[in-house]
Amino acid sequence: MSRIGRLAIPVPKGVQVDMTDGQVTVQGPKGKLTHSLPAGIAVTRDSDVLRVARAGEGRQARALHGLTRKLIANMVQGVSGGFSRTLEINGVGYRADGRTNALYITVGYSHPIMYQLPAGVTAKVEKQTIVTLEGNDRQLLGEVAAGIRALRPPEPYKGKGIKYAQETIRRKAGKAAGAAGAS
């Protein structure tokens, strides 16, 4: 049995879970999320706990068991507390400016790039170099953060670019360091 799939999902107060027609809908103070259950996966509710079970022992069912449990757990956590992701912008003249539902990012191109934020994701810009993204859908938040990072990924020589706050960039020695060691 899946070690992740067999774990119970606690449902906090203020979160409503509705299971109808192969769909799980979770609603809470931070919004509403829906997920379609794959064939062979069932969700049951015992008072304030959700449990995910699989019908068979096939490879596909085993793979989807833990995945479905984690997706539903992320939905419950998202509508109750939400998720956040922090990006850091490093480089001379590199900065971000947040407006309504768009980010204007200047990262060394001839023009600032306007990144349109999807519904459900908000951005706060601190000190022009730190962008905090918040939302209730973990997958969407990760995709937005990866999309922003892809505009100018950090380079290994000077570390310039957009990186996740917890990410460490492995630095490389430049040409001068390589030539000095050769003699």
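Start your tour by selecting β3 and β4: a hairpin joins these two strands through 2 residues. Keep in mind as you click around that this is a predicted model.

**Stop 1: the β2, β3 and β4 stretch**

With residues 23–28 highlighted as β3, bring in β4 beside it; the two run antiparallel and are joined by 6 bridges. Two residue pairs make good landmarks here. Gln23 has Ser36 of β4 as its bridge partner, and Val26 stands opposite Leu33, also in β4.

Now add residues 16–20, which are strand β2. β2 runs antiparallel to β3, with 5 bridges between them. Pick Thr20 and you will find Gln23 of β3 as its bridge partner. The β2 and β3 hairpin has 2 residues between its strands, and Asp21 there takes a positive phi near 50°. If your viewer shows backbone torsions, that is a residue to click on.

**Stop 2: a sheet of three strands**

Next, select β1, β6 and β5. In that order they form an open sheet of 3 strands with antiparallel pairing. The edges are β1 (9–10) and β5 (41–46), each of which pairs on one side only. Zoom in on β5 together with β6 (residues 49–54): these strands are antiparallel and share 6 bridges. For a single pair to label, take Arg45, whose bridge partner in β6 is Leu50.

Then switch on residues 59–80. This is helix α1, which lies across β1, β5 and β6 and runs at about 160° to β6.

**Stop 3: the largest pocket**

Keep α1 on screen and select Leu33, Thr34, His35, Leu71, Asn74, Met75, Asn136, Asp137, Arg138 and Gln139, the residues that line the largest pocket. Its volume is about 200 Å³. Which elements each supply at least two residues of this lining? They are β4 (31–36), α1 and α2 (138–149). Colour the lining by class and you should get 3 nonpolar, 5 polar and 2 charged residues. Leu33 may look familiar: it is the residue opposite Val26 from the first stop.

**Stop 4: a sheet of four strands**

Hide the pocket and select β11, β12, β7 and β13. These 4 strands make an open sheet in the order β11-β12-β7-β13, with antiparallel pairing. β11 (121–126) and β13 stand at the edges with a single partner strand each, so one side of each has no neighbour in the sheet. From one strand to the next, the twist averages 25°.

Look at β7 (residues 83–90) and β12 (residues 130–135), which run antiparallel and are joined by 6 bridges. Within this pair, Leu87 has Val131 of β12 as its bridge partner. Turn α2 back on: this helix packs on the sheet, touching β7, β11, β12 and β13, and its direction makes about 5° with that of β7.

**Stop 5: the cavity**

How many cavities of 30 Å³ or more are there? The count comes to 1, with a volume of about 30 Å³. To find it, select Leu87, Ile89, Ile105, Val131, Ile148 and Ile162, which line the cavity. By class this lining has 6 nonpolar residues, with no polar and no charged ones. Leu87 and Val131 are the bridge partners you have just visited.

**Stop 6: β8, β9 and β10**

Select residues 95–99 as β8 and residues 102–106 as β9; 5 bridges join these antiparallel strands. A hairpin connects β8 to β9 through 2 residues, and Arg99 has Ala102 of β9 as its bridge partner.

Add β10 (residues 113–116), which pairs with β9 in the antiparallel sense over 4 bridges. Ala102 also has a bridge partner in β10, namely Gln116. The hairpin of β9 and β10 has 6 residues between the strands, and Gly108 in the turn has a positive phi of about 90°.

**Last stop: Glu167**

Finish in the loop between β13 (161–164) and α3 (175–182), where Glu167 lies. Show side chains: those of Glu167 and Arg149 are joined by a polar contact of 2.7 Å. Leaving aside neighbours within four places in sequence, Glu167 is in contact with Arg149 and Pro154.

Notes. Residues are numbered from 1 along each chain as its sequence is written. This is a predicted model: local features need pLDDT of at least 70, side-chain atom pairs count only at pLDDT 80 or more; totals for chains, interfaces and linings use all residues. Side-chain values use heavy atoms; hydrogens and water are left out. On a 1 Å grid over the protein atoms alone, a cavity is a set of points where a 1.4 Å probe fits but cannot get out, and a pocket is an open set with protein on both sides within 12 Å along at least five of seven lines; lining residues have an atom within 4 Å of a point. Grid points are joined across faces, edges and corners, and a volume is the space filled by probe spheres set on the points. Ala, Val, Leu, Ile, Met, Phe, Trp, Tyr, Cys and Pro count as nonpolar, Asp, Glu, Lys and Arg as charged, and the others, Gly among them, as polar. Two strands pair if DSSP finds at least two bridges between them. Contact means heavy atoms within 4.5 Å. Axes are lines fitted to C-alpha atoms, for helices over the stretch in contact, and angles run from 0 to 180 degrees between N-to-C directions. A polar contact is a pair of N or O atoms within 3.5 Å; within protein, one must be able to donate a hydrogen and the other to accept it, and residues adjacent in sequence count only if both atoms are side-chain atoms.
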